[in-house]
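Here's a walk through this one, going from a single residue out to whole chains and the places where they meet. Have the viewer open while you read.

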Amino acid sequence: MLEVKALTKRFSGLVAVDQASLSVAKGSITGLIGPNGAGKTTLFAMVAGFLQPDGGSVSYDGRDITALAPHVRARQGIARTFQIVQPFEGLNVQENIAVGAYLHTPDAGEAMRQAAEIARRVGLGADLAKASSDLTVAGRKRLEVARALATRPRLLLLDEVLAGLNPSEIRDVLPLVREIRDQGVTILMIEHIMQAVMNLCDKVYVLSQGRMIAEGEPRAVCEDPQVIEAYLGHGAAERLRAEQAHA
Amino acid sequence: MYSPQIVVEALLNGLMLGAIYALIALGLTLIYGVLHIVNFAHGALLTVAMFMVWLACAQYGMDPYLAILFVAPVMFALGYVLQRFIIGPASHGKDNGILLVTLGLSIIIENALLAAFQSDTRTITSDYSFRVVEIGPLLLSFPRVVGFGVTIATTLLLWLVLHQTDIGKAIRAVAKEKLGASLVGISVPHVYAMTFAIGCACLAVAAGLLMPSFYVSPKTGAAFVLVAFTIVVLGGMGSIPGALIGGLLIGVVEAASSLFLGDSLGQIGIFLIFIVTLLVRPTGLFGARA
Amino acid sequence: MTRPRLATLAIIVVALGVIAFALSGALLNLMIFMMIIALAAQGWNILGGYAGLSSFGHAAFFGAGAYAMAVLQTRFGVNAWVALVIGIALGALVGAFIGFLSFRSGLKGSYFALITLAFAEVARIVANSTNFTGGAAGILLKLQNGLPYLQFADRRYFLLIALGFVAIGLVVSWWLEHSRFGAYLVALRENEQAAQALGVDVFAVKMKAIAISGALTAAAGCLYAQNYLFIDANVAFGSWISIEALFAAIVGGSGTVLGPLIGAIVLLGLGELTKGLSHGIPGMDLMVFGVILVLSVAFSPNGLVMLMKSLGLRAPAKEREA
């Protein structure tokens, strides 16, 4: 459904994403993992259209969408959440979700009705009239997902929806992600929490220093020495640097 | 057509007026570079400084250049108090808040001056006003030659303060990394206020340089504010060399456009440069910041 | 959010209309002026309040309306009502022009404020030095009373027309709060990227907003020209109107339906009061405006509308305690 080919992004000389490719099968949950600073969010931004790549292509449903603006991609069924949740502060929970619902209906009453329904689906049914700033972290993450769902996506890009949640909240959100997939939405997710990746993903890609270093079924990928190296090597390098600084 | 001598003289005088513009813009760009705010009250504060110089000269018979030494500390203190106790707290750290608070301040200042001094334009009579400097066949206005020299000196001084003193280092640290600076114990509100104060002191110098060849009325600063913003945007928001070069450039452009278009339409050149820069290259000629 | 019902708005407009008929002389003139400023502020509020794009140059739109009104009638003999419609359309067009350039370059925040100010200044300088617009001498409109000329011997009728426009401004704002377009405006104000991710074409939405905003403020300019029968560049494109439109909207409550109207009435009312109390010391009224702006940003960032609402909410709580 989504085909990313040799995507490259440079920031003033620094290569953030280097010839990264991945493909997401229709109906799957695909994970994108990697150490901090690997370029995952940059890759996501290029898939959603917020950054223009310096090379490579993104195609969706067999059509090249590399040059399309983010709102056009949203209209074609690609929705994303942001790593740092940013609700529309001036609007309450229901109105926040309605902004997404307006993509398919100009009618305010209808959008608000759909928003209420989606709020119920993600477990925000009791908070419709709440100011979005009054939500807990977990609540805001749900709002982020609800807003994206309201656009009726066919492909949902989740950027660390579980980060910052406590274990019991994570347990609550996992079934929600699976449920969204079961309703026919294909999911590509960036995630740090391995328990969730193991649990949810059909396939995992590992990005390290901008390069795709491994892909496959989650369990196999986790045992890949290259992947372990990427995670541990990163930490080791940092320790070494600290020691040198003291010497 | 104009004789080459008139054109060259006009351009050189423009260049030197541009130096004073640069000095006004210097404070503005410093404040932007550190506080990341657009200080809309900058023009009104220039007017305040000019009235102080005027008072010192007209009432107490002081030399306008000497008056700088008295006005600069006062402006410095005023700037510190304004930022620390009014602009900072009232704007809640929001961009829009700062924009509106400084706009409000500029209106308060402008109209307080109007209430106190009426709308008359005031000038000082000083020996410098009509003195000229002869360089070969060229006649240059003495106050502008002085202005040019003092601007260069002030810019160098500012550079030294920023690079050689503790407060200068603190200012640069806050400009680069606010959070980090506050973690190592630098008081960010104090540094903000000091930066604002330095910006205001620059205005005092500019006021002293302007008064011998200019007039002051409560609205004078408003005329300078867009010019100063143009320079800051052209030079790159926050860039000190940018402000200097931008100021000189704008001075020349203004001189050329009023020579060829007349005084009333002449100003339009500056605004068009401003608009085009904002649209085409909002980071300015020297701004590296994205 | 404070969301008045349409019925409430209707009652307010009718009440103002009734008051209008009880007024005469200086008070009547003041109220006409209040309505003109309220209308300009309503225009500002669409862009600055709802869409969060603070303009410092709404004089560009006000002046476009005022000059269209004056030039069309005096130079081309166009009927006042036709000139009014053209003036409003011109305001929308000027808005679209400024918007197209600024939004395509992604300007917002202080950059947007500064560029709007620059556009208004360019317009002022051009109008001031072009013969077509009467140059520095300005344009004097002909005094002709009667409905076809949009001038009335009994000025209360003019007040009613100004009030009618303010009512349109109220309805437009009310519609914003109950429509997709309004939700999109607030969404892009709060977070442009998040709005884009939800399929909002932010450029198109901003363009619509600045056109509507320009049209409303231009209407205020048209009424100004028609009421005072004289304009020059400093009146029509001067920064005073940019500032008063912004002040009224922010003091009253930016991004609210009633904010600009309340702000205009309170500000100009206080301004008159200060003028009276200060015995004609120049600038005192504007100084008070400045103080009110700083105070309202500091202590009531959401304006008087919200302040009244929060006071109103607190009062019953006290009663319950008692």
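## Ala22(B) and its surroundings

Let's start in helix H1 of chain B, which covers residues 4-35 and is where Ala22(B) is found. A quick caveat before going on: this is a predicted model. Is Ala22(B) buried or exposed? The count of other C-beta atoms within 10 Å is 32, and a residue is called buried from 20 upwards, so Ala22(B) is buried.

As for who is around it, leave out residues up to four places away in sequence and Ala22(B) touches Thr151(B), Ile231(B), Ala243(B), Leu244(B), Gly247(B) and Leu248(B). Take Gly247(B) from that list: 225 residues separate it from Ala22(B) in sequence, yet the C-alpha to C-alpha distance is 4.0 Å.

## Helix H4 of chain B

Staying in chain B, helix H4 takes in residues 95-117. Does its length add up as expected, or what do the numbers say? With 23 residues at 1.5 Å a residue, H4(B) should span 33 Å, and its end C-alpha atoms are 33 Å apart, so the two agree. Right after H4(B) comes Gln118(B), and its phi is positive, near 60°.

## Chain A overall

Now over to chain A, whose secondary structure comes to 9 helices and 10 strands. Along the principal axes, its C-alpha atoms fill a box of roughly 65 × 40 × 35 Å. The radius of gyration of chain A is 19 Å, while a compact globule of 247 residues would have one near 18 Å, so the value agrees with that rule.

Of the 247 residues in chain A, 45% are buried. Contacts reach along the sequence too: looking at those in chain A between residues at least 6 apart, 65% join residues at least 24 apart.

## Strand S8 of chain A and its partners

Why call strand S8 (residues 186-190) of chain A largely enclosed by the rest of the structure? Because 5 of its 5 residues are buried. Thr186(A), Leu188(A) and Ile190(A) point one way from S8(A), with Ile187(A) and Met189(A) pointing the other way, and all are buried.

Strands of a sheet pair through backbone hydrogen bonds, either parallel or antiparallel. S8(A) pairs in the parallel sense with strand S3 (residues 29-33) of chain A, over 4 bridges. One bridge there has Gly31(A) partnered with Met189(A) in S8(A). S8(A) also pairs in the parallel sense with strand S7 (residues 155-159) of chain A, this time over 5 bridges, and Asp159(A) stands opposite Ile190(A). Add helix H6 (residues 167-182) of chain A, and S7(A), H6(A) and S8(A) make a right-handed β-α-β unit.

## An antiparallel sheet in chain A

Chain A also has an open sheet of 4 strands with antiparallel pairing, in the order S2-S1-S4-S5. Strand S2 (14-24) and strand S5 (63-64) stand at the edges with a single partner strand each, so one side of each is left without a neighbour in the sheet.

The partner of S5(A) is strand S4 (residues 55-60) of chain A, and the two pair in the antiparallel sense over 2 bridges. In one of them, Ser59(A) has Asp64(A) as its bridge partner.

## Where the chains meet

There are 2 pairs of chains that touch, and the pair with the most contacts is B and C. On that interface, 34 residues of chain B are in contact with 34 residues of chain C. On the chain B side, helix H3 (64-91), H4, helix H9 (220-235), helix H11 (263-266) and helix H12 (268-280) each give two or more residues. H4(B), the helix with the span check above, gives the most, with 14 residues. By class, this side of chain B has 23 nonpolar, 10 polar and 1 charged residues.

The contact between chains A and C takes 25 residues from chain A and 20 residues from chain C. Helix H7 (180-190) and helix H8 (192-197) of chain C each supply at least two residues to the side that touches chain A, and H7(C) gives the most, with 7 residues. The chain C residues on this side divide into 9 nonpolar, 7 polar and 4 charged. Chains A and B have no contact joining them, and their closest C-alpha atoms lie 11 Å apart.

Key:
Residues numbered from 1 in each chain as written. Chains lettered and ligands numbered in written order. Predicted model: local features only at pLDDT ≥ 70, side-chain atom pairs only at ≥ 80, totals over all residues. Buried ≥ 20, exposed ≤ 12 C-beta atoms within 10 Å, placed from the backbone. Contact = placed C-beta atoms within 7 Å. Pairing = 2+ DSSP bridges. Right-handed = clockwise from strand over helix to strand, strands pointing away. Nonpolar A, V, L, I, M, F, W, Y, C, P; charged D, E, K, R; others polar. Expected span 1.5 Å × (residues − 1). Rg over C-alpha atoms; globule rule 2.2 N^0.38 Å.
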